Amino acid sequence: MTNPVIENIRRSLGCTDQIPLSLRPAIYKSRLPESVDSEIERFLGEIKKLSGVSQRISPSGIADALKALVAEQQIQKATVWDSPYLKRLGVAHSLQTLGMELVSPNANEHEMAQCDLGITEADYLLPETGTLVLRSSAEKPRGVSLLPRVHLAIVRPEMLRADMHQVFAEAKDSHYLVFITGPSRTADIELTVTLGVHGPKNLYVWIVEE
Amino acid sequence: MSHDAHPYIGFEEYSERVPQSIPLAVQQATDRFVGGRAARVAELPQWEELRQIGSDIRLHTIENMDVYLTRLEEKVKLAGGHVHWAETAEDARRIVLQIAKAHNVKTAVKSKSMATEEIGLNHALGAAGIEALETDLGEYIIQLAGTGPSHIIVPAVHLKKEEIAALFSERLDINAPADPIELARIAREILREKFLGAEMGISGGNFLVAETGTLVMVTNEGNGRMCTTLPDLHVAVVGIDKVIPDWESLTVFLKLLARSATGQKLSTYTQFITGPRRAEGEFGPKEFHLVLLDNGRSKVLKDPVGREVFKCIRCGACANVCPVYKNVGGFAYGWFISGPIGAILSPQMLGTQTARELPYASTLCGACADVCPVKIPIPAILRHLRRRVAQGDEFAGPTLPAPIRVTASIAAFALAQNRLYRFGTRLLPLLMSIFKRGDWIPNAPYPLNRWTKARPLPPFTAQFRGWWNVRSSKRKDSTR
């Protein structure tokens with residue numbers, strides 16, 4: 001089945017029926033990874049350059065770090081991805097202990113928008129650009145990294161990939177992916193950089209080393 | 001189907017009316033972006049190689065656009081999305097309006113999109129009683145102001161914070177301070193309510209990946225994510241030239257785009273959307289529609305020189321370095337796209353009658369081609385379009401009077417023939433001596449008087465060929 005637009009294109013290009021497609025030009029090779037330690041440092045360093053806050057942390061340090069974050073950002077309501085790893089770290093439990101009101105990550109957008117803090121993992125990390133790559137599912141809803149004013153991603157070194165090539169090879173069949181590179185920003189008024197214009201104003205990234 | 005007749009673009013007239021504040025503001029923006037781009041490019045030793053690959057892939061895609069678009073359609077449908085083909089701007093508006101009406105849409109939130117500017121969608125939605133709200137901060141400001149964009153990336157850069165504060169105070173009935181951070185906060189609050197209430201999200205797209213039927217959107221503020229995450233309905237209007245073969249190709253363009261545009265390594269948010277949401281609680285639209293916009297593009301493909309304009313990934317780097325653009329800003333180009341890329345796109349899409357001044361809106365200095373991340377030969381296309389304007393093409397008759405065209409054709413023919421050329425070099429000085437007054441020719445006969453109206457013509461005095469022969473024989477003598 002064909003349509004007028006495709007027919008017009010064929011006529012303009014002078015296509016005579018079904019010429020086999022020539023090969024797509026070859027792509028430049030991907031970046032090579034360095035040692036895990038320097039990849040972590042590069043990743044965290046890039047996030048800092050983008051006005052994000054990043055640190056290395058151990059599983060036992062999570063509770064204290066959450067306590068400090070809640071105080072610093074005056075968090076009252078929070079929402080957390082319902083993922084096995086965040087459960088194992090006891091993130092939601094720690095927040096409850098701190099007296100936070102927890103909102104379900106599958107709550108409707110109006111409730112989600114009332115949250116001060118959204119906590120996610122990341123499926124992949126790109127050290128060269130300081131990028132978090134997030135998939136989407138009922139367990140990992142998109143709103144958690146978007147609607148609250150503070151976004152915290154708790155990630156692991158295993159998620160580091162050298163380049164986009166590796167991420168795409170693994171994830172291109174996902175129905176939704178988002179690259180997050182720093183907090184929401186604009187320079188639309190007199191070129192003044194302003195954070196948090198629509199998305200989160202503050203981005204925290206903790207990389208957990210066992 | 002009627003073709004939208006675009007009013008004549010009087011670049012010269014527009015550029016004379018540009019207020020002095022615009023070039024100043026535009027130059028602040030362009031200087032920032034030029035500096036940022038240079039820093040990012042310096043970090044990547046393989047930059048030139050990436051540009052070449054980017055150019056090769058785009059050219060390959062243009063030459064096989066029918067194949068990749070067919071694959072794209074198949075994959076989007078497979079992912080549960082709807083695909084609509086719009087031959088004209090009118091078709092595209094009708095399709096979007098039908099979708100909106102079928103879903104009882106009252107408010108639509110829009111992420112910045114050049115395709116919807118191109119088809120004048122906001123006006124059509126407004127006329128149908130649907131509120132269409134721009135949500136990119138700069139676009140929101142100029143929508144309130146009711147003007148067009150002055151720069152592709154920072155559309156409201158020509159407005160001072162005091163002017164924006166006055167605009168907010170008047171249009172939103174609030175007391176807005178002249179502080180960029182406060183103004184952004186006010187916009188965030190107002191637009192947040194709109195995002196949460198809107199029934200439809202409208203976006204454009206940076207790339208369409210044929211391999212999986214994926215829409216790729218690049219934004220910095222997060223409004224693009226809001227528009228495609230919160231409403232239950234997402235409609236993307238994208239030009240057919242945005243298709244690329246596969247995800248491997250995408251790595252190249254994502255590395256080129258933000259570095260060339262804003263001097264970032266990557267923009268803040270890059271989304272890869274393949275069809276609607278799969279699960280109830282994950283957010284995202286229940287329905288996804290892709291409107292593939294032709295609006296004259298398929299006809300432009302006929303011209304093998306001009307069609308390289310579709311390699312463009314809309315970074316704006318060419319405008320940032322253009323001495324003409326920096327002095328007139330975006331308005332003077334008269335359509336949704338400005339700068340050198342606008343000067344080669346508009347005449348091809350709107351016709352060389354409507355946009356015949358634009359190929360001349362350039363000094364041909366070549367800075368645009370030096371920075372273009374996909375190596376579009378902009379000066380060569382400008383010259384090609386000047387020829388089309390002068391000699392006439394399918395859109396318009398020749399703009400040059402017949403005697404000049406005849407003279408130019410004779411000159412072109414004679415210069416290409418060795419004997420005729422030699423004869424001419426002997427004949428011309430004789431002809432010139434008739435008009436010589438002292439050392440100059442002050443008044444040449446028609447049609448050559450176009451030159452002498454502005455300045456006198458120096459007569460030919462030496463013959464290179466004769467001089468060369470004499471010189472060569474002397475050198476032979478001396479080396480003997």
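In this predicted model, chains A and B meet through 55 residues of chain A and 78 residues of chain B. On the chain A side, the elements that put in two or more residues are the helices α1 (4-13), α6 (109-113) and α7 (164-171), along with the strands β8 (176-180) and β9 (185-186). Helix α1(A) gives the largest share of that side, at 8 residues. As for chemical character, the chain A side is a mix: 25 of its residues are nonpolar, 21 are polar and 9 are charged.

Strand pairing also links the two chains. Strand β8(A) runs antiparallel to β9 of chain B, which covers residues 269-273, and 5 bridges join the pair. To pick out one spot along this pairing, F179(A) has T270(B) as its bridge partner in β9(B).

Turning to chain B itself, its secondary structure adds up to 22 helices and 10 strands. Its C-alpha trace spans about 90 × 50 × 50 Å along the principal axes. Of the 480 residues in chain B, 49% are buried. The contacts reach well along the sequence, too: taking those in chain B between residues at least 6 apart, 73% join residues at least 24 apart.

The largest nonpolar core contains 182 residues, and the ones with the most contacts inside it are A108(B), V237(B), V291(B), L293(B) and C318(B). The top contributor to this core is helix α12 of chain B (residues 247-261), which supplies 9 residues. As for A108(B), once its neighbours within four places in sequence are set aside, its contacts include A100(B), L125(B), I130(B) and E131(B), and also A198(B), M200(B) and I202(B). The remaining two contacts of A108(B) on that list are A132(B) and L133(B).

Helix α12(B) deserves a look of its own. With 15 of its 15 residues buried, α12(B) is largely enclosed by the rest of the structure. The length of α12(B) works out as well: at 1.5 Å a residue, its 15 residues should span 21 Å, and this agrees with its end C-alpha atoms, which are 21 Å apart. That figure of 21 Å follows because the expected span is 1.5 Å times one less than the number of residues. After α12(B) comes G263(B), a residue with a positive phi, near 75 degrees.

Methods
Residues are numbered from 1 along each chain as its sequence is written. Chains are lettered from A and ligands numbered from 1 in the order in which they are written. This is a predicted model: local features need pLDDT of at least 70, side-chain atom pairs count only at pLDDT 80 or more; totals for chains, interfaces and linings use all residues. Two residues are in contact if their C-beta atoms, placed from the backbone, lie within 7 Å. Helices (H or I, at least four residues) and strands (E, at least two) are DSSP runs, numbered from the N terminus. Ala, Val, Leu, Ile, Met, Phe, Trp, Tyr, Cys and Pro count as nonpolar, Asp, Glu, Lys and Arg as charged, and the others, Gly among them, as polar. Two strands pair if DSSP finds at least two bridges between them. A residue is buried if 20 or more other C-beta atoms lie within 10 Å of its own, exposed if 12 or fewer, and partly exposed in between; C-beta atoms are placed from the backbone. A nonpolar core is a set of buried Ala, Val, Leu, Ile, Met, Phe, Trp, Tyr and Cys residues joined through C-beta atoms within 7 Å.
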